[in-house]
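The exercises below are meant to be worked through with the sequence and the model side by side. Try each task before reading its solution.

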Amino acid sequence: MITPLYQAHQPPINKPENAHAGLWFDRFFNQYSSDWTLDSSAKQAWIKKIVGHTGDAKKLDAFSNRQMALVSHLNGASQRYTSDWHFITGMGNSHPVENGFSWHPTLAVPFLSGASVKGLVRAWVELNDEGLSDALKAARLKSWFGTEKKGDVADQAGDFIFFDALPDEPALLACDIMTPHMGKWYSEGDKSSHDSSNIPADWHEPVPVPFLVTKKTSLVFHIAPRAGAKNKELDAVLSALTNALDYLGAGAKTSAGYGYFSEDNKFAAQLQEKQREQQQAQANAQRLASLSPFELSLEEFLNTVPEAEQDTRLLKALTDEKWQGDEAEKVAEKIQCLMQASAKWMPDFTGSNRKKLKLKERSTQVQTYLKG
């Protein structure tokens, strides 16, 4: 097994841990025999070196959050779609195993480029009139995509920006195999003369062709109105995307059932919850930034203590002279509030209950730090 590189620069036989799977798959193919020939078993062996999960979960989540924040700022929308079965992207890319693959350049996951997403939505609009007249359909094509026909020279930008669609979790790759039976008929069928090798017949041997696929996965799509454009048709664009993924499919081999996606109806609720958490985190960060050094140290102290023990731990730190002067008084006020909230504040108790007498002693102790 050799790679077409100088002898002194042969890469490792197997992909290094944490290496970019796409870079390895595309650039370091090492299944050539000594005479630089290949067979299907060598191709399959190479693909099997790549199968398994690809992509870093934290990096994908961070990227997805950044994209959604950007699209939200642009008054756009994000939606996740889950594949019904396998999904292939970039199958026509050149590669020694015959069938290539599209990898995100930094995140090492399969993805659909923004141009592919735009083309998919356009295909749906062109194929389905949705009750529109020819004139209204032409106007929609020019408005959404910049031109009425694909071959036209655009004199304006389309009203919508289509972003790359990526998974928000590591993708699972697998090796699939197709077995064409009449390869020479497809490659030589247009010749003027034919023999038994290049006519469509049932005696041809199947030729196994391995290729890389993504098993059932989810992709997050983002669409936003361009600056200055009206976004009143954004819902219609998303609807066209949903229909295109459901009925046309994305990527390669859609005629064989690959690349069909269904909308993830739970995503909107998850997105709202995530945005709420981000808003809360932002508000908390702003609140912490507004605190004085003393208030910040008190906050940090309380965050390290179980809620049920906060009053007693604060009182112990106070008696150990962790705080002095006005700071000590503020801590005492905080202890008083905590004890009142939990019905422990009993400076005026007159009974004989030992537990409540202990609380009275603690309350009186706190009072010594309070002015007035």
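**Exercise 1. Find out how much space lies in the largest cavity, and which residues line this cavity.**

The largest cavity holds about 40 Å³ of space, where a cavity is a set of points, on a 1 Å grid over the protein atoms alone, at which a 1.4 Å probe fits but cannot get out, and lining residues have an atom within 4 Å of a point. Grid points are joined across faces, edges and corners, and the volume is the space filled by probe spheres set on the points. Before going on, note that this is a predicted model, in which local features need pLDDT of at least 70 and side-chain atom pairs count only at pLDDT 80 or more, while totals for chains, interfaces and linings use all residues. Residues are numbered from 1 along each chain as its sequence is written, and side-chain values use heavy atoms, with hydrogens and water left out.

Step 1 is the count: one cavity of 30 Å³ or more is found by this rule.

Step 2 is the lining, which is made up of Leu-60, Phe-63, Ser-64, Asp-164, Leu-166, Pro-167, Asp-168, Val-220 and His-222.

Step 3 assigns these residues to elements, which are DSSP runs numbered from the N terminus (helices are H or I with at least four residues, strands are E with at least two). Helix 3 (57-73) and strand 6 (218-225) each supply at least two lining residues, and the largest share, three residues, comes from helix 3.

Step 4 sorts the lining by class into five nonpolar, two polar and two charged residues; here Ala, Val, Leu, Ile, Met, Phe, Trp, Tyr, Cys and Pro count as nonpolar, Asp, Glu, Lys and Arg as charged, and the others, Gly among them, as polar.

**Exercise 2. Work out the order of the four strands in the open sheet that they form, and say what packs on this sheet.**

Step 1 gives the order as 3-6-2-7, with antiparallel pairing; two strands pair if DSSP finds at least two bridges between them. Strand 3 (160-162) and strand 7 (261-263) are the edge strands, each pairing on one side only. Neighbouring strands of this sheet are turned by 35° against each other on average, direction ignored.

Step 2 looks inside the sheet, where strand 2 (residues 77-83) and strand 6 pair in the antiparallel sense over six bridges. Ser-78 stands opposite His-222 of strand 6, and His-222 is also one of the residues that line the largest cavity.

Step 3 adds helix 3, which packs on the sheet and touches strand 2 and strand 6 (contact means heavy atoms within 4.5 Å). The direction of helix 3 makes about 25° with that of strand 6, with axes fitted as lines to C-alpha atoms, for helices over the stretch in contact, and angles running from 0 to 180 degrees between N-to-C directions.

**Exercise 3. Describe the open sheet of three strands in the same manner.**

Step 1 gives the order 1-4-5, again with antiparallel pairing. The edges are strand 1 (52-54) and strand 5 (209-214), each of which pairs on one side only, and neighbouring strands are turned by 40° against each other on average, direction ignored.

Step 2 follows the bridges: three of them join strand 1 to strand 4, with His-53 opposite Leu-172 in strand 4. Strand 4 (residues 171-178) and strand 5 pair over six bridges; Ala-174 has Val-213 as its bridge partner in strand 5, and Asp-176 has Phe-211.

Step 3 places helix 2 (residues 40-48) across strand 4 and strand 5, running at about 15° to strand 5.

**Exercise 4. Which residues lie nearest the centre of the largest pocket, and which lie nearest the centre of the second largest pocket?**

Step 1 takes the largest pocket, with a volume of about 290 Å³; a pocket is an open set of points with protein on both sides within 12 Å along at least five of seven lines. Its lining has 16 residues, of which Asn-18, Ala-19, Gly-55, Asp-56 and Ala-108 lie nearest the centre, and by class the lining has six nonpolar, six polar and four charged residues.

Step 2 takes the second largest pocket, of about 210 Å³, which is lined by 13 residues, with Gly-76, Ala-77, Ser-78, Leu-271 and Gln-275 nearest its centre. Helix 3, strand 2 and helix 8 (267-290) each give two or more residues to this lining, and helix 8 has the largest share, five residues. The lining of the second largest pocket divides into six nonpolar, seven polar and no charged residues.
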